[in-house]
Amino acid sequence: MMIKLWDSGAYLIRGEELIADGADAAVQIKNKTGKEVSRDEAAQGTMAYHILKEHNTSGNMQKLKIRFDKLTSHDITFVGIIQTARASGLTRFPIPYVLTNCHNSLCAVGGTINEDDHMFGLTCAKKYGGVYVPPHQAVIHQYAREMLAGGGRMILGSDSHTRYGALGTMAMGEGGPELVKQLLSQTYDINMPGVVGVYLKGAPARGVGPQDVALAIIGAVFHNGYVKNKVMEFIGPGVKNLSADFRIGVDVMTTETTCLSSIWTTDDKIREFYDIHGRSEEYAQLDPDEVTYYDGMIEVDLSAIKPMIAMPFHPSNTYTIEELNANLSDILHDVEERAKVSLDGAVPYSLQDKVVNGRFMVDQGIIAGCAGGGFENICAAADILKGSYIGADGFTLSVYPASMPVYMELIKNGCAVAILETGAVMKTAFCGPCFGAGDTPANNAFSIRHSTRNFPNREGSKLQNGQISSVALMDARSIAATAANKGMLTPATEFDGQLGTYQYHFDANIYANRVFDSHGEADESVEIQFGPNIKDWPAMGALPENLVLRVVSEIHDPVTTTDELIPSGETSSYRSNPLGLAEFTLSRKDPEYVGRAKEIQKAEKARMAGEHPCQAHPDVKPLMNVIKKTFGGASHENTGFGSTIFAVKPGDGSAREQAASCQKVLGGWANIANEYATKRYRSNLINWGMLPFIIEEGALPFKNLDYLFIPDIREAVEKKRDAVTAYTVSVAEESMQAFTLTLGELTDEERQIILKGCLINYNRVG
């Protein structure tokens, strides 16, 4: 068995031995250590607990208020973050803030000059005292590994794959408003998370890479929520059998489990990583205490891991490549059935034509980004590809080293030449293949990628134009083996040649020559350089006493990703323009959403302008007539008008705040869900002044286009009520039907943000 999930918590003794939580656990622990340790004491022995305690400012380890050591953002998030902070009174960056340019790297996409965003970032780094990494130098997470991570440190990034646990750094990916709070010297407020151990034993077989291990774990834990919003702590004797690069490759993919963060025990291999990068002083030895308690335990037998593939359209849809090849018909049929849900039946989708002479043929291979673009991954791919040619047919292979220093070393050691000789293409550091802005396949093509996600349309296909292609996730080694067979799906364990060991030499000169580093010195005299597509946030009102909400989208997919809420890819050129970007909201999932949201927003805009909302929307007067029969005090002066969506489980995937802010810009006041896929999406809703309602599973009391009335909602938030009574309003029947919504736990600060209407209003100066 590759992966075993424990049904109970577990104790770890001296970093090696596991004991299940149970009636005799205390006796076993005393026999082995001579100590009596309570569960609560042992839970304080995790590496995660120690790091969180060091960064907590509340004095209460159950209610954390975290201050991070450093911040990171890329160029589809930093403009909005800085604009929000500027509107809230920002004068300088109080902690190191690194602005990378690895998403909007292409200088013109969709008619917009993205270099405007880059110049905005450079001038802000100068004005407020930050660091600016120019396009094509490094993807955000590789730069952080090379230049920012440190043992026992904490980093907050506005990208969901902010994970540096393998280097001893607890890192979290959140929506932009959480970085704004840090820039305004506020805190990241969470309850003490659960900590789940990931116990590694054995060593990977030859040809098995980090993506294989990661996908095996994701497949085991995603659907059951085993680590949702918890910290994954990597321990056990198998850790020492993994190189630093291998650990990093597993670690970055922990985001796809929906965990909060990750941390690993460190050793001489991690010390060597810091030595190589000229930052030896940043190494710290991290180990759990002698007796440590974990809320759950994932046992991973590294020696049993086989080359894996995550089929469309989620990283958790995992199989071994061997299993897929042996059961092609059944598995492909299952993927096609899942596609009917993911694609809403909008376009025909079939994989059967990819089977040629009983073997599965793919059209494209990509090794890229924070997951695939590491030094060892590309060196291994080069060894597998040596002496082979990808051929002159439709199959293509692109390789994107994760940073320019990695690229330079691949040139020096000959691996770049070996790859280029095959007919593959090597490109500069760019995250485009991961979010749909680079190497978009042809219609109906199938791409295998060592990248982070394979959500619908994530590779750049445009469902609204009738184009669909799809992505499977694989390790660089098996992608290379497949490329060597000209696209025939092949696990790397079938490669019988030599895989070399390459020493990495980091050359920091490229950064020294190209990266702007203020060293924390702000220069108030610098004028920020704006482009015509960089816009301020529109005015947003405070939460009114009552709300009328129109349901403008109803989504019953098991999970709704942030890519579906606000698409990636071509929309990236509008990331600095809130109104322009909002036009794309739910465009791939529900093209009617924007128009419907705008219609009811007209009533609220009229109300905020001091006009009667019934003049802006014909439904207002008959609605209010029905409402006033029961709630005589309700009026257009104290009742706001806006929209909401219902989704079963929204928010899986990216940390991008725009999944929430675009709804807010279009007049959204709430989401209604059975649960939220991630903490970060719920936080994004709150920070944009939107109510994160929960409704119990079962028959909904409303349907799409219904109107809902929520009386005394402001009072409910102020008085910390969890349960809120809402009503469906039927004008035709002149009736209202009551039902219950809940808000879940909200901090005092979060309540104030919602009451004010958004984080900008909460912090606004003057």
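**Two sheets, two helices and a core**

Let me begin with strand β2 (residues 10-13), which pairs with β16 in the antiparallel sense over four bridges; two strands count as paired if DSSP finds at least two bridges between them, and the strands (E, at least two residues) and helices (H or I, at least four) are DSSP runs numbered from the N terminus. This is a predicted model, in which local features need pLDDT of at least 70 and side-chain atom pairs count only at pLDDT 80 or more, while totals for chains, interfaces and linings use all residues. Residues are numbered from 1 along each chain as its sequence is written, and side-chain values use heavy atoms, with hydrogens and water left out.

Within that pairing, isoleucine 13 stands opposite valine 291 in β16. The two strands belong to an open, antiparallel sheet of three strands, ordered β3-β2-β16. Because β3 (17-20) and β16 (291-294) are the edge strands and each has a single partner, one side of each is left without a neighbour in the sheet. From one strand to the next the twist averages 25 degrees. Helix α1 (residues 25-33) lies across β2, β3 and β16 and runs at about 155 degrees to β3, where axes are lines fitted to C-alpha atoms, for helices over the stretch in contact, and angles between N-to-C directions run from 0 to 180 degrees.

What does alanine 10, which sits in strand β2, touch? Leaving aside neighbours within four places in sequence, alanine 10 is in contact (heavy atoms within 4.5 Å) with Ile19, Asp21, Thr292, Tyr293, Tyr294 and Met297. The C-alpha atoms of alanine 10 and tyrosine 293 are separated by 5.8 Å, although these residues are 283 apart along the chain. Alanine 10 has a relative accessible area of 0% and is therefore buried, a word that means under 20% relative accessible area, with exposed over 50% and partly exposed in between (1.4 Å probe, protein chains only).

Now to the second sheet, which is open, has six strands in the order β11-β10-β5-β6-β9-β27, and shows mixed pairing. Its edges are β11 (170-173) and β27 (516-517), each with a single partner strand, so one side of each has no neighbour in the sheet. Strand β5 (residues 70-73) and strand β6 (residues 97-100) pair in the parallel sense over three bridges, and serine 73 has leucine 99 in β6 as its bridge partner. Helix α4 (residues 78-87) packs on this sheet, touching β5 and β6, and its direction makes about 140 degrees with that of β6. Helix α5 (residues 115-128) also packs there, touching β6, β9 (131-133) and β27, at about 155 degrees to the direction of β9.

How many of the 14 residues of α5 are buried? The number is 10, so to speak of this helix as mostly covered is fair, and among the buried ones are Phe120, Leu122 and Tyr128. Just after α5, glycine 129 takes a positive phi of about 90 degrees.

Finally, the largest nonpolar core has 178 residues, of which Tyr97, Ile217, Ile298, Val300 and Met311 touch the most other members; such a core is a set of buried Ala, Val, Leu, Ile, Met, Phe, Trp, Tyr and Cys residues joined through side-chain atoms within 4.5 Å. Apart from it lies another core, of 28 residues, including Phe646 and Leu708. In soluble globular proteins, nonpolar side chains tend to be buried together.
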